[in-house]
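Here are a few notes from going through the model, in no strict order. Have the structure open while you read.

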Amino acid sequence: MCPLDSPQTQAVLRGPQVHPQSTARQWPAEGFTRAPYWVYSDPDIYAQEQLKIFRGKTWNYLGLEAEVPHAGAYKTTYIGETSVLLTRAEDGSLHALVNRCAHRGNMVCREAFGTVKKLNCVYHAWNYNLKGDLTHAAFSKGLRGEGGLPKDFDMAEHGLQKLRVATICGLVFASFSDETEPLEEWLGDVAAGIRRLLHKPLKVLGYDTQRIHANWKAYHENPRDSYHANILHTFYGTFGLSRQSQESGMVLDSAGRHVYFYTKAGTEKNGGDYKETASDLRSHNDELKLEDPGILKWRDEFGDGVSVQILTTYPSFVLHQIANSLATRQLLPKGPTQADLVWTYFGFEDDDEETTRMRLLQANLAGSAGMISVEDAAVCEMMQRAMADGQSGESFIEMGGRELDSGGASKLSERAIRNFWHNYRLDMEL
Ligand code: FES
Ligand SMILES: [Fe+2]
């Protein structure tokens, strides 16, 4: 067992586990401009989220098509806490299957990635094809006239649970719901941010998984929060990759589930203004210099001047471009007060060596110890500790206004967070 997973360590990390009675679980009257702190630690809420959000009417990111490049390739991952397999069958089709044997519930695949001819459960050797159909059950006819499965046992009724699967530009999503609209419709205007970035075949460069000791929603809010980016992150402001004074914008889909922000470095309209407003920001520090400024040498590879684009889809996916560092982030809840964040760094198949080197160097901006993103997990964990009693208090989310669309396209706004809580409350019936 990982030392972090021991019950003693978990108890310390969780902090006080005091939860309000259900009568006290009233959402504040102000609605989506508030988020009560109990929603970040309550175990009943957490269980409901698994059902109503992750296994509900959402599309959840599973991985990149490039991670299952050939027939027989599979990847194991999660949707919420449900173990899920992404497979590529002999005919090239992609499949999303619950990674749980139809016999007695054993996990069918344990490795992160693999290539197989069939999916074999080790417990009693039930075999499935890569589409999840049961093809063989050991000793199904018994032996010497004894044992075996009932005569009317129908293999077709005992396959792995199949999920809907859909792709956009090499990203693979799956849904437990037959009712959710098709993926691209669900993404709405935010799909444009995906198409802009993923315009040709991808190549995986590496992985990084970090455990964040905070509720998954504390992290989910973070990349939707354009207000913090230039304030919390010293590197952005000081070295000019992203500042409020630069040309920037925010795009949401019509339902407000998804969002992306972009910033164009080098477009300061009035440097004086920025200095004045930023002079008391911890994130702007004229004293700091880089010994090797190589990490700041980025190339406008998309030809539109955008230096940073952060895209978030509800409930658990982020796609980022920070200069030429490209990555996906998959948010996996691991209990009410912790979550894993899986970073997958990628480039394009036709990148030359120099471009790959540049992406890898700039990968130091992101990830668990990234010069920009290290502060995000730290803040989520500090929030969790401060909110841990779950008894009282609520977030105040009125930057940019009190309506779902107030704040417009300005990055100085919590519009995308208000929209998150609006959709969350609809799904959770809270
Ligand atoms: S649990 Fe999988 S074969 Fe028995
Ligand atoms: Fe951040």
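1. Let's start in the middle of a sheet. Lys75 has Leu86 as its bridge partner in E4. Bear in mind that this is a predicted model. The strands involved are E3 (residues 73-79) and E4, which pair in the antiparallel sense over 6 bridges. They form a hairpin with 2 residues between them, and Gly80 in the turn has a positive phi of about 60 degrees.

2. Now look at the other neighbour of E4. Strand E5 (residues 94-98) runs antiparallel to E4, joined by 5 bridges. Leu86 turns up again here, with Ala96 as its bridge partner in E5. The E4 and E5 hairpin has 5 residues between the strands, and Gly92 takes a positive phi near 90 degrees.

3. How many residues of E4 are buried? For this strand (residues 82-88), the count is 7 of 7. In a regular strand the side chains alternate between the two faces of the sheet. Here both faces are covered: Thr82, Val84, Leu86 and Arg88 are buried on one side, and Ser83, Leu85 and Thr87 on the other.

4. On to the metal. Which residues coordinate the iron ion (ligand 2)? His228 and His233 each give NE2, while Asp376 gives two OD donors, at 2.1 to 2.6 Å. The donor residues follow the spacing H-x4-H-x142-D in sequence. The pair His233 and Asp376 links distant parts of the chain: His233 is in the loop between helix H6 (226-232) and helix H7 (234-239), and Asp376 is in helix H10 (residues 374-387), 143 residues apart. Both are buried, His233 at a relative accessible area of 2% and Asp376 at 6%.

5. Why is the iron arrangement irregular? The 4 donor atoms around the iron ion (ligand 2) subtend angles of 53 to 143 degrees. Four donors would count as tetrahedral only if all angles were between 85 and 135 degrees, so the tetrahedral label does not apply here.

6. Last, helix H2 (residues 43-54). Its end C-alpha atoms are 15 Å apart, which agrees with the 16 Å that its 12 residues should span at 1.5 Å a residue. Its buried residues are Ile45, Tyr46, Glu49, Gln50, Ile53 and Phe54. They cover an arc of only 150 degrees around the axis, so they sit on the same side of H2. An α-helix has 3.6 residues a turn, so residues three or four places apart point the same way. The buried residues of H2 pack against several elements, including E3, strand E2 (60-64) and helix H11 (415-428).

Definitions and conventions:
Residues are numbered from 1 along each chain as its sequence is written. Chains are lettered from A and ligands numbered from 1 in the order in which they are written. This is a predicted model: local features need pLDDT of at least 70, side-chain atom pairs count only at pLDDT 80 or more; totals for chains, interfaces and linings use all residues. Side-chain values use heavy atoms; hydrogens and water are left out. Buried means under 20% relative accessible area, exposed over 50%, partly exposed in between (1.4 Å probe, protein chains only). Helices (H or I, at least four residues) and strands (E, at least two) are DSSP runs, numbered from the N terminus. Two strands pair if DSSP finds at least two bridges between them. Donors are N, O and S atoms within 2.8 Å of the metal (3.2 Å for Na, K and Ca); water is not among the atoms, so sites may look incomplete. Four donors count as tetrahedral if all angles lie between 85 and 135 degrees; four count as square planar and six as octahedral if opposite donors are over 155 degrees apart and all others between 65 and 115; anything else is irregular. The expected span of a helix is 1.5 Å times one less than its number of residues. The arc is that of the directions from the helix axis to the C-beta atoms. Contact means heavy atoms within 4.5 Å.
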